[in-house]
Amino acid sequence: MEILKIQNLSKIYGTGETAVRALDDVSFSVEKGEFVAIIGPSGSGKSTLLHILGGVDRPTSGKVYVDGTDIYQMNETGLAVFRRRQIGLIYQFYNLIPVLNVEENITLPLLLDERKVDKQHMHSLLQSLGLQGRLKHLPNQLSGGQQQRVSIGRALINNPAIILADEPTGNLDSKNSAEIISLLKMFNKRFNQTLMIITHDERIALQADRIISIEDGKIAKDEVIRR
Ligand code: ADP
Ligand code: ADP
């Protein structure tokens with residue numbers, strides 16, 4: 001089943017002399033449960049692509065369909081709700097809220113929608129992430145690997161269909177990187193959540209089902225990994 005379909009996506013930042021074409025007529029589809037690595041040089045448009053797929057940044061032209069819905073046809077409120085329920089975003093520098101503790105950071109997407117916390121789900125999520133003893137800690141009381149696990153918790157609390165991670169291990173040592181990737185792969189396989197990761201690490205890219213290479217805002221290569 002196709003979960004994501006991108007048609008003729010272009011993104012231009014700015015206008016006139018200083019305009020930058022970050023994405024240039026990109027089209028592809030992703031199957032439910034697929035694990036896709038996105039690679040390419042710095043400045044090639046990878047983050048722009050991920051943000052547009054995640055409903056964070058409007059394209060200049062083109063369409064993004066998530067589970068058949070044309071997401072940029074929605075108004076801002078609809079798009080915000082879609083984002084919180086269907087998309088889990090993970091960043092290189094975690095983007096946790098420093099004054100909120102682990103539990104509050106993870107449950108924030110629920111609170112914004114005035115939804116109740118499902119204690120059972122919260123508990124099993126914390127267990128999977130190895131954060132049981134850390135509920136009341138603030139982000140600056142945690143190691144980098146732990147902070148990234150909190151941000152994964154926040155991304156997954158709503159059981160999103162799609163997880164989008166922008167260099168999730170870019171700030172971590174190799175041991176913590178491996179841990180984060182194996183967690184993301186575990187959720188991808190166990191819950192059939194679609195996983196897209198931007199990475200510069202070839203060892204990570206080679207674990208994906210498929211590698212999409214972006215160069216100059218275009219797809220330079222799109223290959224299925226055979227094992
Ligand atoms: P990557 O993630 O591959 O490093 P980006 O998507 O961040 O690439 O950037 C693609 C191009 O768009 C770059 O030339 C970058 O400078 C430009 N760009 C990205 N974000 C903005 C922005 N908010 N305003 C203007 N230019 C931007
Ligand atoms: P790691 O073994 O992942 O590198 P650290 O050595 O940074 O982790 O931290 C070990 C433990 O100490 C962690 O479980 C973390 O919760 C705790 N810790 C780390 N930094 C602080 C801090 N500034 N304040 C309180 N606890 C901390």
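Here Ala, Val, Leu, Ile, Met, Phe, Trp, Tyr, Cys and Pro count as nonpolar, Asp, Glu, Lys and Arg as charged, and the others, Gly among them, as polar. On that split, the shell around ligand 1 comes out as four nonpolar, six polar and one charged residue. The model is a predicted one, with local features needing pLDDT of at least 70 and side-chain atom pairs counting only at pLDDT 80 or more, while totals for chains, interfaces and linings use all residues. Residues are numbered from 1 along each chain as its sequence is written, chains are lettered from A and ligands numbered from 1 in the order written, and side-chain values use heavy atoms, leaving out hydrogens and water.

The residues around ligand 1 (a heavy atom within 4 Å) include Tyr 13, Val 20, Pro 41 and Ser 47. Oxygen atoms of the ligand pick up polar partners: a backbone atom of Gly 43 at 2.7 Å, a side-chain N or O of Lys 46 at 2.7 Å, and a polar side-chain atom of Thr 48 at 2.6 Å. Taken alone, ligand 1 exposes 560 Å², and the protein buries 57% of that (Shrake-Rupley, 1.4 Å probe). Two elements, β2 (20-31) and α1 (46-53), each give two or more residues to the shell, with α1 supplying the largest share, three residues. Helices here are DSSP runs of H or I, at least four residues, and strands runs of E, at least two, numbered from the N terminus.

As for aromatics, the structure holds one pair (ring centres within 6.5 Å). Phe 187 and Phe 191 are stacked (planes under 30 degrees apart), at 6.0 Å centre to centre and 20° between the planes.

Methods:
A polar contact is a pair of N or O atoms within 3.5 Å; within protein, one must be able to donate a hydrogen and the other to accept it, and residues adjacent in sequence count only if both atoms are side-chain atoms. Rings of Phe, Tyr and Trp (its six-membered ring) pair if their centres lie within 6.5 Å; planes under 30 degrees apart count as stacked, over 60 as edge-to-face and the rest as tilted.
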